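Me: Could you take a close look at one part of this chain for me, the hairpin, and then set it in the context of the whole? I would enjoy a connected account rather than a list.

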Amino acid sequence: MASGPLARIFYWLSSSGQPDSDELRGRLIQSIMDRKGALLVGTAVVIATATVAYFMTGAWWPIVWLVTEIVIVAVRLAVISHAEQTPGRRREDYVPALLTLGALWTVVFGAGSYACMTSGEPVLAIIASVNTAGAVGAMSSRNAPTPRFASLIMVICCIPFAIASLNAPYPGIGSLAIILPLWVVGMHVIMFQNHDILVRMIRAEKVTRRLAMTDALTGLQNRMALDEKLADMCARLERRIDGEGFSLLYLDLDGFKAVNDRHGHTAGDVLLKAVAERIRHALRPDDHASRNGGDEFSVILPLTGREETAFVAKRLIATISRPFEIGIGDTVQLGVSIGSAYAPDDGLDPAILLASADEALYAAKRAGKGIHREYRPSDDGPPNLDGRARA
């Protein structure tokens with residue numbers, strides 16, 4: 001949450017007025033950074049307008065406008081580039097700079113429009129009218145993710161033009177000061193509609209993504225989510241964002257096939273749900289459990305060393321080995337074999353870590369099941385990337 005009066009002002013300006021989550025807010029701000037095309041188009045229009053104004057008037061102000069425009073847009077693009085390279089919520093640090101530069105551009109644009117309207121050149125007055133209408137339309141679109149800020153800069157953009165139109169030496173052009181507010185109101189309506197559509201799209205995408213990443217039977221994450229999480233954690237560790245390694249555990253149930261064959265798939269599904277629930281309760285809030293398929297599960301333990309990994313594996317074995325009541329009259333009992341790999345010691349490539357944990361799992365199976373084995377490099381070279389341990 002923003003702290004300090006100035007920070008709170010920027011936070012308020014960049015908020016939508018709705019109870020947005022941090023994730024939704026981040027996506028809305030990111031969508032502004034993604035729309036760099038509007039900046040470049042606006043710059044091209046200003047450069048063309050300032051060039052025409054200089055040749056028509058021979059005055060100094062078009063040159064100042066042109067140079068200022070180039071400097072501001074270069075700084076804006078640089079800030080956006082830095083923000084895009086910054087991970088996660090730290091991008092929030094760039095919001096005050098982005099809003100300040102956007103407001104500064106609007107002030108300079110408004111001053112240029114005022115100069116064009118009062119230059120005494122009818123062509124420049126027409127160009128300023130078209131530019132102002134286009135700028136307001138672009139602001140209502142590009143800044144729809146932050147409607148409060150969009151409202152502010154639309155007003156800032158129009159005030160100099162409205163004042164200039166009242167003082168311009170052209171008959172009837174003062175009527176633009178009456179028409180312009182109606183245009184701005186219309187753009188506000190469109191802006192809020194665009195904002196609502198964007199928010200609904202982000203929320204729908206979030207729901208769709210959650211469904212795509214969730215195992216329908218157990219409610220745990222699925223293999224797709226595991227692969228994505230593992231790749232992200234490997235990348236963070238490689239960039240030294242996280243100062244400590246993490247462990248990957250592969251779990252395979254012992255005796256599940258016998259229960260499934262004897263009591264049917266419905267009983268097997270109930271048993272898998274019960275196993276998933278026990279795994280979930282045995283882990284910390286920041287740990288990540290997933291079902292890979294069948295009776296195989298995975299667990300990622302962030303910021304965890306080898307000793308703690310062995311402790312968690314022992315706890316999982318004890319938890320899953322307790323009898324299950326699945327509504328068939330008698331209790332059933334399972335075991336679980338666990339193999340683990342540790343990053344970065346066993347590699348920083350997700351495929352290698354997965355293969356290493358898989359190889360350790362099959363070492364546990366060969367050693368008698370119901371136990372945990374860490375990955376140990378063999379003389380035969382790296383782990384088998386086909387997904388099964390060597391015989």
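Reply: Happily; here is the hairpin, followed by the chain around it and two loop residues.

A word on the basis: this is a predicted model, in which local features need pLDDT of at least 70 and side-chain atom pairs count only at pLDDT 80 or more, while totals for chains, interfaces and linings use all residues. Residues are numbered from 1 along each chain as its sequence is written, and side-chain values use heavy atoms, with hydrogens and water left out.

The hairpin is made of β2 and β3, with 2 residues between them. Strand β2 covers residues 288-293 and strand β3 residues 296-301; they run antiparallel and are joined by 5 bridges. (Strands pair if DSSP finds at least two bridges between them; helices, H or I, of at least four residues and strands, E, of at least two are DSSP runs, numbered from the N terminus.) Within this pairing, Ser-290 has Ser-298 of β3 as its bridge partner. In the turn, Gly-294 has a positive phi of about 60 degrees. As background, side chains in a regular strand alternate between the two faces of the sheet.

Now the wider setting. The protein chain has 13 helices and 5 strands. Its radius of gyration, taken over C-alpha atoms, is 31 Å, well over the 21 Å that the globule rule gives for 391 residues, so the chain is more spread out than a compact globule. (That rule is 2.2 Å times the number of residues to the power 0.38.) The C-alpha trace spans about 95 × 50 × 40 Å along its principal axes. Of the 391 residues, 45% count as buried, meaning under 20% relative accessible area, with exposed over 50% and partly exposed in between (1.4 Å probe, protein chains only).

Two loop residues round off the picture. Leu-348 sits in the loop between β4 (335-343) and α13 (350-366), and is partly exposed with a relative accessible area of 29%. Leaving aside neighbours within four places in sequence, Leu-348 is in contact (heavy atoms within 4.5 Å) with Cys-234, Leu-237, Glu-238 and Ala-343. Its C-alpha atom is separated by 9.6 Å from that of Leu-230, 118 residues apart along the chain.

Thr-146, in the loop between α6 (122-142) and α7 (147-167), counts as buried at 1% relative accessibility. With neighbours within four places in sequence again set aside, Thr-146 is in contact with Leu-13, Ser-14 and Ile-32.
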